[in-house]
Every structure is written in C-alpha cells, then in structure tokens.
Amino acid sequence: MSPTAARWILLAVLVVAWEALPRLGLIHTLFLPPLTDALLAAWRSWPMYLENLVVTLWQILAALAIACGGGIAVGAVVGSIPALRRSLTPLLSSAYAIPLVVLYPLIAAWFGIGPSSQIVFASLYGIIPAALATAAGIQSIDPQLALTARSMGATLGQRIVHVVLPAAIPSVLNGIRIGGALAIVGVVLAQMLVSTEGLGFVITTYRTMLDGPHVFAAILLVLALALTFDWCVGLLERRTSAWTANARPKT
C-alpha cells in the first residue's frame with residue numbers, strides 16, 4: 001500500500017469514527033458532536049464564520065510575514081557569523097522552550113488587547129524555530145562548496161544564489177513549516193484569551209455556551225487554514241527541489 005493510500009484510508013476511518021461514535025452514544029455529544037452537526041452549524045451560520053475567518057486570516061498572514069521573514073533574516077545573520085552563532089544559538093534554543101502564553105498578559109499590556117498584541121504574540125511563537133532552522137541550515141553547508149565556487153571565479157552574489165541559498169533551503173523550509181504552524185496556533189490562542197472577533201473568539205464564545213457543533217465548526221476552519229499552509233510549504237519544497245539538488249556535491 002502506498003503512503004498516499006494509507007493516509008486517505010486513515011482519514012476516512014477518522015471521519016467515519018467522528019460521525020459514528022457520538023451517534024452510537026459511545027461518546028457524549030457534549031464532548032464530541034457528530035461531524036455532520038458541526039458542518040450543519042457552519043452552513044447555517046456561514047456569514048458569522050466568514051466574517052471571523054477573514055479576521056483570523058489577515059492576522060495569520062501578518063504573523064507569518066513577521067515570523068518567517070524575521071526568522072529567516074535573524075537565522076541568516078546568526079548562522080553566517082561564527083561569534084553570533086556561538087553566543088545567540090543557545091539563547092534562542094532556551095527561549096524556544098519558554099511557554100510564551102505566560103507572557104501574553106505582558107504583551108497585551110504593551111500593545112493593547114486588539115489585533116496588534118495578537119499578531120506580536122503569534123509572531124514571537126513562530127520566529128524562533130524559523131531562525132534556528134535557518135541558522136542550522138547555513139551552518140551545515142559544506143565549506144568546500146563555497147570554496148570551490150570562489151576558486152572558479154564566482155562572485156558573492158553568485159555564491160549566495162547558487163550555493164548558500166540552495167543548500168540551506170531544506171532547513172529553511174522546515175523552519176517555516178514549524179514556525180508558521182506555531183504562528184497560526186498563536187493567533188487563535190490569543191483570540192481565545194482576549195478578543196472580540198476571530199475564530200478563537202468564536203471557539204471561546206460557543207464553548208461557554210456548551211454549543212459543541214459551533215465550537216467544532218470553528219475548529220475545522222482552523223484546521224483547514226493549517227493544512228492549507230502546510231500544503232503551500234510542500235508545494236514550495238517541490239518547486240525548489242531541483243534548485244536544491246544542483247547545489248549538492250556530485251559524487
């Protein structure tokens with residue numbers, strides 16, 4: 001059985017189980033409503049979900065731009081300068097282990113309880129793994145590649161485009177995938193804590209009302225956003241695979 005077929009079979013089993021277990025009374029609908037109930041709730045209240053989806057989406061896009069862009073920039077500087085790499089990499093690794101949710105009250109006090117604090121919080125969630133992955137990717141580049149390119153008369157720009165970036169791209173994309181996923185989680189989490197709009201706010205509101213179908217309808221939309229982001233990163237990996245392969249040393 002191919003991996004693709006196995007994934008589709010597993011997905012089908014999960015969907016059937018989600019629908020059947022609550023219907024059969026094996027799981028109380030208060031904890032897990034049937035899938036069709038969640039989809040029906042989303043259909044009936046689609047204007048409300050669409051409005052809050054747009055809010056969450058633009059906050060996610062802003063957080064992704066800051067987290068991934070800033071993480072790549074920081075990681076490129078740290079990974080390229082040995083002194084910074086030795087001093088800052090342990091600090092970034094330690095900061096990655098800190099549960100940033102405990103800092104959200106402080107972030108909210110600095111930036112307010114509006115979208116700014118939510119974007120900043122989500123950006124902090126994602127920027128560290130993106131920076132660490134980029135630094136590790138640049139550090140792992142075979143020095144002989146750059147030396148060979150320099151000996152063949154390649155300019156600095158040519159070395160960056162044809163050696164450094166292609167060799168570091170797998171690690172960079174891995175950092176983007178992890179950092180981006182955490183940024184998405186950060187936006188929704190911040191909206192659940194302090195917000196009056198967004199999918200996180202919808203989840204919190206209907207959770208307090210014990211309305212499972214509306215809660216899981218919002219959760220499905222969040223999952224759709226996360227899966228779409230992961231698909232985009234996978235597509236970028238496939239598009240850059242040939243460029244990356246050209247930077248590998250030939251044996």
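**Notes on a predicted all-helix chain**

1. Let's start with one side chain: Phe 216 has a relative accessibility of 17%, which puts it among the buried residues. Keep in mind throughout that this is a predicted model. What does Phe 216 pair with? Its partner is Trp 18, and the two rings sit edge-to-face, 5.9 Å centre to centre with 65° between the planes. Trp 18 belongs to helix H1 (residues 3-23) and Phe 216 to helix H10 (residues 212-246), so the pair ties together parts 198 residues apart in sequence. Trp 18 is buried too, at 18% relative accessibility.

2. Now a step back to the whole chain. You'll find ten helices and zero strands, so to speak a run of α-α-α-α-α-α-α-α-α-α when read along the sequence. The C-alpha atoms fill a box of roughly 70 × 55 × 30 Å along the principal axes. Of the 251 residues, 36% count as buried.

3. Back to the rings: the structure holds three aromatic pairs. The pair of Trp 18 and Phe 216 is one of them. Another is Tyr 104 with Phe 121: their ring centres are 5.1 Å apart and their planes meet at 75°, so this pair is edge-to-face. Tyr 104 is in helix H5 and Phe 121 in helix H6 (residues 115-139), so the link joins distant parts of the chain, 17 residues apart. Tyr 104 is buried at 3% relative accessibility, and Phe 121 is buried at 0%. Ring pairs also bring in Tyr 125, making a cluster of Tyr 104, Phe 121 and Tyr 125.4. Which residues touch the most other members of the largest nonpolar core? They are Ile 60, Ala 63, Leu 64, Ile 176 and Phe 229, in a core of 29 residues. Helix H3 (46-80), H6, helix H8 (156-193), H9 and H10 each supply at least two residues of this core. H8 gives the most, with nine residues.

5. Helix H9 (residues 199-208) deserves its own look. Its buried residues are Leu 199, Gly 200, Val 202, Ile 203, Thr 204 and Tyr 206. After H9 comes Leu 210, with a positive phi near 55°. That's a positive value in a residue other than glycine, so to check it by eye, go to the loop between H9 and H10. Is Leu 210 buried or exposed? Leu 210 is exposed, at 60% relative accessibility.

6. Next, the cysteines. How many disulfides are there? The count comes to zero. The reason is distance: the sulfur of Cys 68 has its closest cysteine sulfur in Cys 232, 12 Å away, which is too far for a bond, as a disulfide needs the two sulfur atoms within 2.5 Å. Looking from the other end, Cys 232 has Cys 68 as its closest, again at 12 Å. Their surroundings can be read off as well: Cys 68 is buried, with a relative accessible area of 10%, while Cys 232 is partly exposed at 38%.

7. On the surface, there's a nonpolar patch to look for. Ile 98, Val 101, Val 102, Leu 103 and Leu 193 form it, with about 390 Å² of accessible area together. Where does Ile 98 lie? You'll find Ile 98 in the loop between helix H4 (82-96) and helix H5 (104-111). Ile 98 counts as partly exposed, with a relative accessible area of 43%.

8. One last loop. Ser 140 sits between H6 and helix H7 (143-151) and is exposed, at 54% relative accessibility. Try finding Ala 168 from there: Ser 140 and Ala 168 are 28 residues apart in sequence, but 7.8 Å apart in space, C-alpha to C-alpha.

Definitions and conventions:
Residues are numbered from 1 along each chain as its sequence is written. This is a predicted model: local features need pLDDT of at least 70, side-chain atom pairs count only at pLDDT 80 or more; totals for chains, interfaces and linings use all residues. Side-chain values use heavy atoms; hydrogens and water are left out. Buried means under 20% relative accessible area, exposed over 50%, partly exposed in between (1.4 Å probe, protein chains only). Patches are made of residues with over 30% relative accessible area and no salt bridge: like charges are joined within 9 Å, nonpolar side chains (Val, Leu, Ile, Met, Phe, Trp, Tyr) within 5 Å. Accessible areas come from the Shrake-Rupley method with a 1.4 Å probe; for residues, only the protein chains shown count as cover. A salt bridge is a side-chain nitrogen of Lys or Arg within 4 Å of a carboxyl oxygen of Asp or Glu. Helices (H or I, at least four residues) and strands (E, at least two) are DSSP runs, numbered from the N terminus. Rings of Phe, Tyr and Trp (its six-membered ring) pair if their centres lie within 6.5 Å; planes under 30 degrees apart count as stacked, over 60 as edge-to-face and the rest as tilted. A nonpolar core is a set of buried Ala, Val, Leu, Ile, Met, Phe, Trp, Tyr and Cys residues joined through side-chain atoms within 4.5 Å.
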